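I opened this notebook to record what I looked up in one structure. The entries follow the order in which I consulted it.

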Amino acid sequence: MNDSLAIEASGLHKSFRDVRAVRGVDLRVVRGEVFGLLGPNGAGKTTTLEMLEGLVPPDSGRIRVLGMDWRDQGTAIRTRIGVQFQSTELDDKVKVREALEMFGSFYPRARAPAELLRLLHLEDKAEAYQRRLSGGQRQRLALGLALVNDPELVFLDEPTTGLDPQARQGLWELVRQLKGEGRTVLLTTHYMEEAEVLCDRVGIMDRGQILQLGTPRELIAGLQRPSVAEIEFLGSAPDVGPFAARWGKPVEAKGELWAIPLADAKKDLQSLLGCIEVLNVPMQQLHVRRASLEDVFLQLTGRSLRD
Amino acid sequence: MNARIFWQQVKMGLILYTRVPAALFWIVAFPVVMLLALGTVFGGNDGGDRKLVWEQSGAPAPADALLIAALSERGTAVEAVSAADAEARWKGGKLPVLLEGRDGRYSLRINNYLVGQAMQTEATVQEAFLVAQARAHGLADPARIPVVMSSPGGHRGGPYAAYLLPGLLGLNLLMMGVFSTGIVDVTLRAKGGYKRLATTPLPRYVYLGAQLAVRILVVLIAAALLMLVGALAFGIHNEGGYAGLLLVQMLGAACFISLGYLLASFAQTPEVYSGIANLTFLPLMLLSGVYFSLDGAPAWLQRTADLLPLTPLLRVLRAIFNDGASLASQWTGIAIVTAWTAALFAAATRRFKWV
């Protein structure tokens, strides 16, 4: 047992009827870090999370949360963790302040509703029915309910799904604040950008397994082709066929641009320019960027995250 | 700690009830409305100023005067109208009875949609006719068999509202269980509400206990209001012990709240649930004799109804409320409801899923 670990899980399996949702997940989350489980819908992120939250017993495998076991220390674990779900789980006619008070009453020690309202920027919504809140406000309330017991470990399931960019920024700010307060955060997301910005470490999940673990930088640096050249066109891109044949390495055509992963930007760029010259490709712009977690997922699975 | 959570949950549950007007209407106001409406419509007018419409064509016969006198002695005034008027009023559909008199010969037309009201008038007219005939022949008035309206227990000769009120008390328990409890359970589970609670240290029995307490409190408040309205509007009172009445209502509440949770365990969405709930509610209600006695129904149907939970529950409630019966005298009905409660509670507990 390791005291510096907030979560220690090994060999997790879970099937629902004939669907094998999680197939052998090992996970260690260090105290104080923000860890992201990253993957498309149906990758098994939520099931993994629910096993760690003690909601779903694994078919096999071992879980320790804050050094304790769900099977005999459930109540002790529950008093020290906070959980936020994707869906709205409250009665429509509960007011914001009442929800915070009610959830606070479940714990031996709870933060004052006023303090949480201030933290969440919901002071002027204290007496509003939760049904009347905007998407971002509702997510912040859900986060507030997860923080009501001053938890050491916070689980966030897709905290920004369905939010507009501004609301997403607000939530990111709150997550950074949690980390600043020394809490451990385990979140799931299917936004690669979110994982890159927020997480100290990420695990890329697909089809019930964690394909790769590491800091966003490590994962990107570990790619065979850590840079991406993008050729933009005015209007839609021409047929990529002749170019792909001449180039001989992967090219991804997406709408108005071609994305070309590069193994070594210095060398590959020259031959790329050569190809463009010879074929007289009618390009508008060419730029080279660092690969993203999006590209990591693509290269690991051969599929794009958004499919 | 748990007691504090319990009371907080009960308080919150009651507050939420007051914020959902539809829930309050069905449980608290609906029985009162039914009592006032049905109690008034079917209340009859107790030998007061009944009026008989009489179609007279041609000149009045001498016998007519005797009949009118005999009717008026029996509290029934006669309104004579022309044939054309009588036909128009009959077609209007509101006349229960029309007396037609031609040259000393009478016939009664009875509206078969309004048999309940018509039968009383008809009996009076027949009696008055016999009296008038006897008098025409210089004989003494014929005697009739005296009639006493009374409930089966014999203590009360009260109005229809007195039959209805205990029925509504019982029906309300069924509505609370099947509609108010089940639908909330399904909705909360579909929303992930139970899942969210399961991640907190809130003990499940505290949560469910508070839910039960809120529902029983609401249904008892509704019962108190209904009884108050019954006393003020119709002068009907509980003839039996309040402790017994309370105990039977709590038993009924436990029975039907268990039923609600059990039905809810078969539905994933509120839409599916309302189908299941109606399929259960309607036969139970129709076979229970809430509004009318099932005496006219086939014997096999009555025997079936006797074994369902609502029918014996209503019989026990009526025996206590109307006839002041003791709990002991109602043991068969109580035993049937208790058996249902035990079975439903066991099944609901077994199937209840928190996550």
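The entries below cover the domains, the chain contact and several helices.

**Entry 1. Domains**

I noted at the outset that this is a predicted model. I looked up the domain assignment of chain A and found domain 1 at 5–220 and domain 2 at 224–290. The centres of domain 1 and domain 2 of chain A, taken over C-alpha atoms, are separated by 39 Å. For chain B, I recorded domain 1 as 2–41 + 159–351 and domain 2 as 50–136. Between the centres of domain 1 and domain 2 of chain B, again over C-alpha atoms, I noted 46 Å.

**Entry 2. Where the chains meet**

How many residues of chain B are in contact with chain A? I found 19 residues of chain B in contact with 21 residues of chain A. On the side of chain B that touches chain A, α1 (2–19) and α7 (193–198) each supply at least two residues. The largest share of that side comes from α1(B), with six residues. I then sorted the residues on this side of chain B by class and obtained nine nonpolar, five polar and five charged.

**Entry 3. Helices α6 and α10 of chain B**

I recorded that two packed helices are described by the angle between their axes and the distance between the axes. Helix α6 (residues 160–191) of chain B packs with helix α10 (residues 270–286) of chain B at an angle of about 165°, and their axes are 10 Å apart. Are these helices roughly parallel or antiparallel to each other? Angles over 145 degrees count as roughly antiparallel, and α6(B) and α10(B) are therefore roughly antiparallel to each other. I noted the crossing of α6(B) past α10(B) as right-handed. From α6(B), the residues making the contact include L171(B), L174(B), V178(B) and F179(B). From α10(B), they include P270(B), Y273(B), S274(B) and A277(B). By class, I listed 13 nonpolar, four polar and no charged residues in the contact of α6(B) with α10(B).

**Entry 4. Helices α9 and α13 of chain B**

I turned next to helix α9 (residues 242–264) and helix α13 (residues 331–351) of chain B, whose axes come within 8 Å and cross at roughly 35°. The crossing of α9(B) past α13(B) is left-handed. Among the residues of α9(B) in this contact I noted L251(B), G252(B), A254(B) and C255(B). Those of α13(B) include W340(B), L344(B), F345(B) and R351(B). The class count for the contact of α9(B) with α13(B) is 12 nonpolar, four polar and one charged.

**Entry 5. Helices α3 and α5 of chain A**

In chain A, I found helix α3 (residues 96–105) packed with helix α5 (residues 135–147) at an angle of about 25°, with axes 9 Å apart. That angle makes α3(A) roughly parallel to α5(A). The crossing of α3(A) past α5(A) is right-handed. V96(A), A99(A), L100(A) and F103(A) of α3(A) meet L141(A), G144(A) and L145(A) of α5(A). I counted six nonpolar, one polar and no charged residues in the contact of α3(A) with α5(A).

**Entry 6. Length of helix α10 in chain A**

What span should helix α10 (residues 265–279) of chain A have? At 1.5 Å a residue, its 15 residues should span 21 Å, because the expected span is 1.5 Å times one less than the number of residues. The end C-alpha atoms of α10(A) are 21 Å apart, which agrees. Just after α10(A), I noted that N280(A) takes a positive phi of about 50°.

How values were computed:
Residues are numbered from 1 along each chain as its sequence is written. Chains are lettered from A and ligands numbered from 1 in the order in which they are written. This is a predicted model: local features need pLDDT of at least 70, side-chain atom pairs count only at pLDDT 80 or more; totals for chains, interfaces and linings use all residues. Two residues are in contact if their C-beta atoms, placed from the backbone, lie within 7 Å. Helices (H or I, at least four residues) and strands (E, at least two) are DSSP runs, numbered from the N terminus. Ala, Val, Leu, Ile, Met, Phe, Trp, Tyr, Cys and Pro count as nonpolar, Asp, Glu, Lys and Arg as charged, and the others, Gly among them, as polar. Axes are lines fitted to C-alpha atoms, for helices over the stretch in contact, and angles run from 0 to 180 degrees between N-to-C directions. Angles under 35 degrees count as roughly parallel, over 145 as roughly antiparallel, 65 to 115 as roughly perpendicular and the rest as oblique. A crossing is left-handed if the near helix is turned anticlockwise from the far one by less than a right angle, and right-handed if clockwise. Domain bounds come from an automatic or database domain assignment.
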